[in-house]
Amino acid sequence: QVQLVESGGGLVQPGGSLGLSCAASGSIFSINAMGWYRQAPGKQRELVASITRGGTTRYADSVKGRFTISRDNTKNTVSLQMNSLSPEDTAVYYCNALISVQIGILENYWGQGSQVTVSS
């Protein structure tokens with residue numbers, strides 16, 4: 001069984017910064033791509049940032065230059081550093097990982113979600 005546990009959400013003022021972390025645990029053979037999604041009320045879930053096992057990153061246009069995704073393959077963690085936050089970034093942020101529990105088996109796993117609220 002695999003779990004993704006997120007931490008770091010909260011309330012921040014516009015222009016401020018916040019960091020999210022996500023740790024994968026359980027019987028893991030390997031982790032492929034990891035990423036962060038977000039979903040605001042009444043909106044569809046969108047991909048914010050992704051990172052391959054080798055460290056190649058991609059970002060949504062709306063967060064480029066402000067957010068940084070990183071991962072630690074020795075700890076099975078992925079982080080999202082969010083800078084210059086605006087109210088438009090307010091959403092529930094979900095960690096995602098493509099994980100193999102055994103060779104040849106690959107499945108998507110999701111974190112529990114972290115509320116990020118940007119407000120003055």
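## Basis of the description

Two strands are taken to pair if DSSP finds at least two bridges between them. Helices (H or I, at least four residues) and strands (E, at least two) are DSSP runs, numbered from the N terminus.

The structure is a predicted model, in which local features need pLDDT of at least 70 and side-chain atom pairs count only at pLDDT 80 or more, while totals for chains, interfaces and linings use all residues. Residues are numbered from 1 along each chain as its sequence is written, and side-chain values use heavy atoms, with hydrogens and water left out.

## The open four-stranded sheet

Strand β1 and strand β3 (residues 18–26) run antiparallel and are joined by six bridges. Within this pair, Val-5 of β1 lies opposite Ala-23 in β3.

Both strands belong to an open sheet of four strands, ordered β1-β3-β8-β7, with antiparallel pairing. At its edges lie β1 (2–7) and β7 (67–72), each of which pairs on one side only. On average, neighbouring strands of this sheet are turned by 15° against each other, direction ignored; the axes are lines fitted to C-alpha atoms, for helices over the stretch in contact, and angles run from 0 to 180 degrees between N-to-C directions.

## Strand β4 and its partners

Strand β4 (residues 30–39) pairs with strand β9 (residues 91–102) in the antiparallel sense over eight bridges. Here Arg-38 stands opposite Tyr-93 in β9.

β4 also pairs with strand β5 (residues 46–51), again in the antiparallel sense, over five bridges. Tyr-37 faces Leu-47 of β5 in the opposite position. β4 and β5 form a hairpin with six residues between them, and Gly-42 in the turn has a positive phi of about 80°.
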